[in-house]
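I am opening the notebook for this entry. Below is the model I looked up, followed by what I noted about the contact between its chains and about its pockets.

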2 protein chains.
Amino acid sequence: MRVKEGNKEKDILEGAINVFAKEGYHGAKISKIAEVAGVATGSVYVYFENKEDILLKIFEQLWKQLYEELLSLSDKSIFSPTEKIDAMIDLAFDVFTSNPALADVFVNEQHHIQRSNKTQFTNYYEKFLGLGEEFIRQGIQKKIIHGSIDVKILRYFILGAIRNLLQSWLNDPKTFSLNKIRQNVKYLVKYGIQK
Amino acid sequence: MRVKEGNKEKDILEGAINVFAKEGYHGAKISKIAEVAGVATGSVYVYFENKEDILLKIFEQLWKQLYEELLSLSDKSIFSPTEKIDAMIDLAFDVFTSNPALADVFVNEQHHIQRSNKTQFTNYYEKFLGLGEEFIRQGIQKKIIHGSIDVKILRYFILGAIRNLLQSWLNDPKTFSLNKIRQNVKYLVKYGIQK
DNA sequence: CCTATTAATGAATCGCTATTCAAAAATAAA
DNA sequence: TTTATTTTTGAATAGCGATTCATTAATAGG
């Protein structure tokens, strides 16, 4: 009986992230993904149902990771709610700094799977956002955060700001230091622009 | 000599916005765009070079409009810098409220043309962002806005927040009232979350 | 050393849709 | 009218690339 050599599923996923990032979802050819992953074209279909399935798995993995890392923060009551939100922002920036291609896919291709609403992806995404909401609610309860702010709006506000800033960083990494972006985001979320 | 009937260029552009919004850029068929626009498939290629050119023109038009409307605000020294930024946010929300399909295309498809960097689009987009920057600088000069904030970062911060909130509104218009989103965005930009 | 079973392959298929272009339609001018 | 010119048309083309599947490779167990 032949036995699996290496971890092709992982290789394909990583290859796909890079090819999606460079060519965009539709510009990416399965044959190219296979080439980058160091496997045959047909092997891609051994491990994944189809092209969309690859993208789905990428996002599932991403949001699972983000959710679980955030979860480990949520317990720690040492942190105040605003510290938790800071940590959440750090978390996102850490993940994407270490994997710019993934950042690109995150920024540009998520809507493909939102169109065909697959719960696999949605699950961890919603959970992640749910935790974010939770932190905000704690902040409101402790009267650190303004109660007039809609929690659902705020979570998308922060996520959107980060998403767009990652994109501008990807387009022009020299002008934007990711560290400076991170600091500014934290500041702006907390205090806004006005003196 | 045959004479032009109606305004097919405009019809095609409007049709394309709706089809792109519903099917996504790659899912949108030229034949479908033609059908919705009430013209023959071939006519599309009389008015546009190719599919990408249609998308390009959509964004060119959008950013031109946004830029010009913002420009008319920039002179008015009656407004304070923060009022100008408020007006900028209002402007974006007004345009997209009146044309949700355009909002969808704006949110999801801009990266297609950013990949193949066309200056036509970039021109007005950059000009628009440049004006936003200008307002922020005025605010810093008048010591209304914190000087430690990076202007380039701030402009993408605001734009990104709006973009993502528009997307969540499109996905679930019942949960999110665009008016509430608008108010929250204005508040958050100015004061942040912290009491 | 066989053999059964699973893994991996990549050339061929097959559907799909952007784009083309020869023909038809409309009408201004003569 | 007739003609010349411009607009519009939509069926045909052409190429691309996702997906399939018959074949080959590897090896665990006997």
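With which residue does B:Glu109 form a salt bridge, and how far apart are the closest N and O atoms? I found that the partner of B:Glu109 is A:Arg115, with the closest N and O atoms 3.4 Å apart, a salt bridge being a side-chain nitrogen of Lys or Arg within 4 Å of a carboxyl oxygen of Asp or Glu.

Before going on, I note that this is a predicted model, in which local features need pLDDT of at least 70 and side-chain atom pairs count only at pLDDT 80 or more, whereas totals for chains, interfaces and linings use all residues. Residues are numbered from 1 along each chain as its sequence is written, chains are lettered from A and ligands numbered from 1 in the order in which they are written, and side-chain values use heavy atoms, with hydrogens and water left out.

**Interface**

I looked up the contact (heavy atoms within 4.5 Å) and found that 50 residues of chain A and 51 residues of chain B take part. The area buried between the two chains, meaning the accessible area (1.4 Å probe) lost on putting them together, summed over both, is about 4,800 Å², and carbon and sulfur atoms give 60% of this. On the chain A side, A:Phe157, A:Ile193 and A:Gln194 lose the most area to chain B, together 17% of what that side buries.

I then counted 6 salt bridges across the interface of chain A and chain B. For the side of chain A that touches chain B, I noted α1 (8-23), α5 (81-97), α6, α8 and α9 (178-191) as each supplying at least two residues, helices being DSSP runs (H or I, at least four residues) numbered from the N terminus. The most comes from α8(A), with 14 residues.

**Pockets**

A pocket here is an open set of points on a 1 Å grid over the protein atoms alone, where a 1.4 Å probe fits, with protein on both sides within 12 Å along at least five of seven lines; lining residues have an atom within 4 Å of a point. The largest pocket has a volume (the space filled by probe spheres set on the points) of about 450 Å³. I find 24 residues in its lining, and those closest to the centre are A:Gln114, A:Tyr125, A:Glu126, A:Tyr156 and B:Asn171.

The second largest pocket holds about 340 Å³ of space. Its lining has 17 residues, of which A:Asn171, B:Gln114, B:Tyr125, B:Glu126 and B:Tyr156 are the closest to its centre.
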